[in-house]
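Dear colleague,

I am passing on the structure to you below, and I would ask you to keep it open while you read. My notes follow directly after it, with the terms explained as they come up.

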Amino acid sequence: KKASIRAAAEKAVGAVLGDDGPEDGVPGKPASVSPPVEEPTTPRDPLPPKADQSGPETVSPTGQATGDNPARMAQSGPYLTTAQGARLYDSDHSLKAGPRGPVLLQDHHLREKITHFDHERIPERVVHARGAAAHGVFRGYGTASNISKAAFLAKDVETPVFVRFSTVLGSRGSADTVRDTRGFATKFYTEEGVFDLVGNNIPVFFIQDAIKFPDIVHAAKPHPDREIPQAQSAHDTFWDFVTLHTEATHHTLWNMSDRGIPRSLRMMEGFGVHTFRLVNAEGASTLVKFHWKPKLGVHSQVWEEAQMACGFDPDFHRRDLADAIEAGAFPQWELGVQTFPDNPEQMFEGIDLLDPTKIVPEELAPVRTIGLMTLNANPSNYFAETEQVAFHVGNMVPGVDVTNDPLMQGRLFSYVDTQLTRLGGPNFPQLPINRTHAPVNDMLRDGMHQTAVHRGVAPYRPNSLDAGCPFLAGEDTAAFIEVPVEVPESRKVRDAAASFDDHFSQARLFWLSMSPVEREHIVAAYTFELGKCYEQAVKERGLKSLARIDAQLCEQVATGLGLSAPAPEEPLADPRPSPALSQVGKVWPLDGRVVAIVTDGVSDLDGVRAVRQAVLEADMVPLIVAPSGGKLDPSGDPITVQRTFATARSIEFDAVLMAGAPRPAADAQGARDARAGEPTGEPVDPRVVLLLSEAFRHGKAIGVWSGGENALPAAGVLANAPGVVGGDSGVSTLEQVKELLGTHRVWDRFPPSV
Ligand code: HDE
């Protein structure tokens, strides 16, 4: 299986590039011209979907299996037709009164084609507009069976899932690697109905009450006058709000940490944020917080790298997810729960479980794993699946229930409401991607885009005319029954519990739990974001809020802004740090990490070939980077070039291996310019210099052999710098690079300043 994964990995990366190169290509030598590819003329049935796109089949809302996916049935038969199925003989010319005459109104095909096109877009999501998704499967471990009767959590039960990851602030076409919270929404198509776990990659939220959601979103979205900046929080209105509305402090700190810029969607944690309630077969309930734990570990980009990726590859995360799945490197997460007794106070160790700005440190309540999710198929059609999928916090199954968290309560209203505008009516649950796999027998009728043909005459209860159908279920027949929680007698108020007033202690806990390098990143992020604000008052208020988290943090950001650091208004308490919150100091699997093998096209090509194979054998992705495209060593066992110096950029790689020191092209102006400024040593191709210096700055492992070391001085990299290794051969160099990759980055390169 591993071998087929590797073969797929190679194929996927080549295919993405379309860079296979001509058979007899030699760098620098023009390739022979391939025969032109003709447009096929023999009618035939459409091609089946690609292997990595076979999502689960769906069931109609009336419970009938649809056989084939209706989305695919929309493309059957060999001939182009109208929407009504009439075959067409020409789709390139309007019907005219003569070849040079006016177009005729009677041209139904023209009108149908243009009208449909005019209405192709639907409103993007008001938040989380930019997303990428995948199909997969969830397998229950059975370890939650004592606390939940949900069938999908039982041992070895397999449930199809569809997961959509998103950024929150940007428009649908914005870049992937912006500093933002990431959505992590999972639709479980269980046999008892759909369960949606609509979470984020950050375990806390900006607000404690849903009524503040329009405020935070209006503040964080682009300014309403010029509609800038796109997809970012580094602007006045965001900081104006989060510094006035201090309950946002904790979430904002997470955003300013490395969690705001994930390396990959596959390397993010997910959180249900709210406290949920699980109920078992005996009716006993437990409070839980949901966690998704990625098998590949939690990793981030560094800020400069993330910013560069916004330009060089705005689809960085989307591409990474789709490529990994296509290559057979299926991302996996374990679902876990922290459990708490369901007592009337709903507090745990002094932490209010109904306050969504608070976490419960894992050291106080360990995460128990209860199942495994594997994403194994890409969507076949972005619009039909990723865009039209509609999540709803209220989609629950027996065994799962809500709590009184006021943020969650508001979400229970918002998600259906928003789909009415976005998906144009109340029948969006019938869209193939939203359809439950459980039999449906509802009394909902008609409405826009109704696709079910309902039978019977009595969509009401009680009835005798449809023989009393459908009947109500009970406890013994798997009905969804709300946990009968006591609601203490109280007054109607617009208020919150006093425990909701603590806005800073957990922000301080997070700060104290970070390693020095993570703190340094946080300081830099605040300095950047507040530095982008124009209003002095906003910057000063930002510092006041930092003073309540940590004096040193405040001091350093103040220095960066050229302002003086205020003293905290109250003395700071020192909560016990939670080491589990830090991303540094652990060793993780290397699967799917991308290693650039940079070659000058001549040095030790046998070594290049061997190291490429060794990278594959470690379940990582090798990318051969050479001066120009085509094949290296065409006479022997040719090596396909996957990136050229023109198309490669450091952001794509987790580590760089380097054989030889490529000389600049003699006639390149850029090369001459670079030579003028080179610190020492032989001239090196300026694009390689850039690649090495960026990789070094971003804490990436660099391995050199067979003359590769000669490229280092031009990039200002010392051969004995941390995370720069060399060996006798490519393979021995790779071994050292693998050690470095296990900790994700060479953290020693970032001087600890805090
Ligand atoms: Fe959402 N949120 N949200 N949210 N949310 C939406 O629903 C809302 C909140 C989250 O990939 C919208 O279909 C309110 C917390 C994700 O399709 C909308 C409040 C968390 C996604 C909405 C919150 C989330 C959404 C916009 C405050 C993490 C994307 C389009 C009470 C636990 C789902 C849509 C997808 C999307 C409302 C707060 C996660 C408007 C009112 C907290 C992952 O309904």
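Arginine 422 belongs to helix α10, where helices (H or I, at least four residues) and strands (E, at least two) are DSSP runs, numbered from the N terminus. This arginine 422 counts as partly exposed because 17 C-beta neighbours lie inside 10 Å; a residue is called buried if 20 or more other C-beta atoms lie within 10 Å of its own, exposed if 12 or fewer, and partly exposed in between, with C-beta atoms placed from the backbone. Apart from its neighbours within four places in sequence, arginine 422 is in contact with Ile122, Pro123 and Arg125, contact being counted when the C-beta atoms of two residues, placed from the backbone, lie within 7 Å.

Please bear in mind that this is a predicted model, in which local features need pLDDT of at least 70 and side-chain atom pairs count only at pLDDT 80 or more, whereas totals for chains, interfaces and linings use all residues. Residues are numbered from 1 along each chain as its sequence is written.

Tyrosine 415 is also placed in helix α10, and it is partly exposed, since 17 other C-beta atoms lie within 10 Å. Not counting residues up to four places away in sequence, tyrosine 415 touches Phe391, His392, Val393 and Gly394. Both of these residues appear in the UniProt record, whose unreviewed entry lists Arg125, Arg164, Phe213, Arg411, Tyr415 and Arg422 under "binding site"; UniProt positions are given in the numbering used here, feature names are shortened, and annotations may be inferred rather than shown by experiment.

The ligand comes next. It is surrounded by 25 residues, of which the closest are Arg125, His128, Gly183, Ala210 and Val273; a residue is near a molecule or strand if its C-beta atom, placed from the backbone, lies within 6 Å of it. Which element gives the most to the shell around the ligand? That element is α10, with six residues, while β2 (158–167), β3 (182–190), β4 (193–200) and α10 (406–422) each supply at least two. By residue type, the shell divides into 13 nonpolar, nine polar and three charged residues, where Ala, Val, Leu, Ile, Met, Phe, Trp, Tyr, Cys and Pro count as nonpolar, Asp, Glu, Lys and Arg as charged, and the others, Gly among them, as polar.

The same unreviewed UniProt entry type gives "active site" at His128 and Asn200. Although these two are spread over 73 residues of sequence, they cluster in space, with a largest C-alpha distance of 10.5 Å. Histidine 128 sits in the loop between α3 (108–118) and β1 (131–140), and it counts as buried because it has 23 C-beta neighbours inside 10 Å. Leaving aside neighbours within four places in sequence, histidine 128 is in contact with Ser166, Val168 and Gly183. Asparagine 200, for its part, is found in strand β4 and counts as buried, with 23 C-beta neighbours inside 10 Å. Among the residues that asparagine 200 touches, not counting those up to four places away in sequence, are Gly183, Phe271 and Val273.

Strand β2 deserves a careful look as well. Eight of its ten residues are buried, so β2 is largely enclosed by the rest of the structure. Strands β1 and β2 pair in the antiparallel sense over nine bridges, two strands being paired if DSSP finds at least two bridges between them, and the bridge partner of alanine 134 in β2 is valine 163. In turn, β2 and β3 pair in the antiparallel sense over seven bridges, with phenylalanine 184 in β3 as the bridge partner of phenylalanine 165.

Further along the chain you will find an open sheet of six strands in the order β17-β14-β13-β18-β19-β20, with parallel pairing. Its edge strands, each pairing on one side only, are β17 (643–644) and β20 (724–726). Helix α15 (residues 605–617) packs on this sheet, touching β13, β14, β18 (655–659) and β19 (701–705), and its direction makes about 180° with that of β13; axes are lines fitted to C-alpha atoms, for helices over the stretch in contact, and angles run from 0 to 180 degrees between N-to-C directions. Helix α18 (residues 730–742) packs on the sheet too, touching β18, β19 and β20, and its direction makes about 170° with that of β19.

With best wishes
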